[in-house]
Amino acid sequence: MIINDSVMAIMTKIGKAVEKGATEDTREYLRSSDNVTNNAVAFLRGDYINTNLSTMVANENIDVKLFKRSSWTGALVIDRENQLIFSVCSRKTLDRIPKNKTRRSPHYIQTILNTINKDEIAPVKQMSLVDFSPSFITEFTDDDYEKDFLTIMEEAVIFYEGYRLWVITYEVERFNLTDIAAVLMDGDFDTVQEVSIIEMLKPDFGMLTLEEPEEKKKKDVRSLISIKSEVFAEQSSEPEKRTEILPKSVEESKKA
């Protein structure tokens, strides 16, 4: 898939929402918390990220869809203009999803990958226990996925024909964002395409230290000289009045 400027801008906005939720917002919670323990942090990070998606990313063309999975509430970013759906997930969590072969129902990312992303095929397929023993396969049918898609999106798969799911995956170490990328995957969770976002979030220190062009400096100097000249002109105006204040002896000599 070709990543145009519009898609890259949306990915960067999502990246900033994730960075703020996983770092600044979480650190602020810990600074203001008087709790003896802070077990809630693992869940609060997701809440902060979802909140930031709603306030920093959503607009007239982009929706943030909340959905329920048991007692947990997730969020999906839906880009109507570019026909894309984005889900945010830590890299560790994403890596664990396909390893769980005992699920009674599919993971929501698994469902979306096996519906709107089902035509995607990764250029490199990873070997797993499934390749050696079919008994490790957790069987979910196309019908299972389509029914689960309906519970997540509250709309049938047919309304999302042509859409693709990208997972915004991130890594955090000691409340610092160390990596974040957008990953397009097939139904087996194998990578079709990956786009790094981390560089887009770094401040451009070069712009902060960029020297002004020599021509602009000269213009500024000439302007300064012009201003000073005007000041001196005002100060030196009506010279005859200024020279009237003279010592008495000088005045007498002038009269003589």
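Reader: Which side chain makes a polar contact with the side chain of Asp79?
Author: Bear in mind that this is a predicted model. Asp79 sits in strand 2, which covers residues 72-79. At 2.7 Å, its side chain is joined by a polar contact to the side chain of Asn82.

Reader: Asp79 has no salt bridge, so which side chain of opposite charge is nearest, and how far away is it?
Author: A salt bridge needs the charged atoms within 4 Å. Asp79 is buried, and its nearest candidate of opposite charge lies 8.0 Å away. That side chain belongs to Arg80, at 8.0 Å.

Reader: Leaving out residues up to four places away in sequence, what does Asp79 touch?
Author: Asp79 is a buried residue, and it has several neighbours from elsewhere in the sequence. They are Ile10, Asn61, Ile62, Leu84, Phe86 and Tyr163.

Reader: What about helix 2: how many Å does it reach from its first C-alpha to its last?
Author: Helix 2 runs over residues 41-56, so 16 residues in total. At 1.5 Å a residue you'd expect 22 Å. The model comes close to that, with 21 Å.

Reader: Which elements are among those covering the buried residues of helix 2?
Author: The residues being covered are Val41, Leu44, Ile49, Asn50, Asn52 and Leu53. Strand 2, where Asp79 lies, is part of the cover. The cover includes helix 1, strand 1, strand 2, strand 3 and strand 4.

Reader: Zooming out, what percentage of the protein's residues is buried?
Author: The protein has 11 helices and six strands. Out of its 256 residues, the buried share is 35%.

Definitions and conventions: Residues are numbered from 1 along each chain as its sequence is written. This is a predicted model: local features need pLDDT of at least 70, side-chain atom pairs count only at pLDDT 80 or more; totals for chains, interfaces and linings use all residues. Side-chain values use heavy atoms; hydrogens and water are left out. Helices (H or I, at least four residues) and strands (E, at least two) are DSSP runs, numbered from the N terminus. Buried means under 20% relative accessible area, exposed over 50%, partly exposed in between (1.4 Å probe, protein chains only). Lys and Arg count as positive and Asp and Glu as negative; His and the chain ends are not counted. A polar contact is a pair of N or O atoms within 3.5 Å; within protein, one must be able to donate a hydrogen and the other to accept it, and residues adjacent in sequence count only if both atoms are side-chain atoms. Contact means heavy atoms within 4.5 Å. The expected span of a helix is 1.5 Å times one less than its number of residues.
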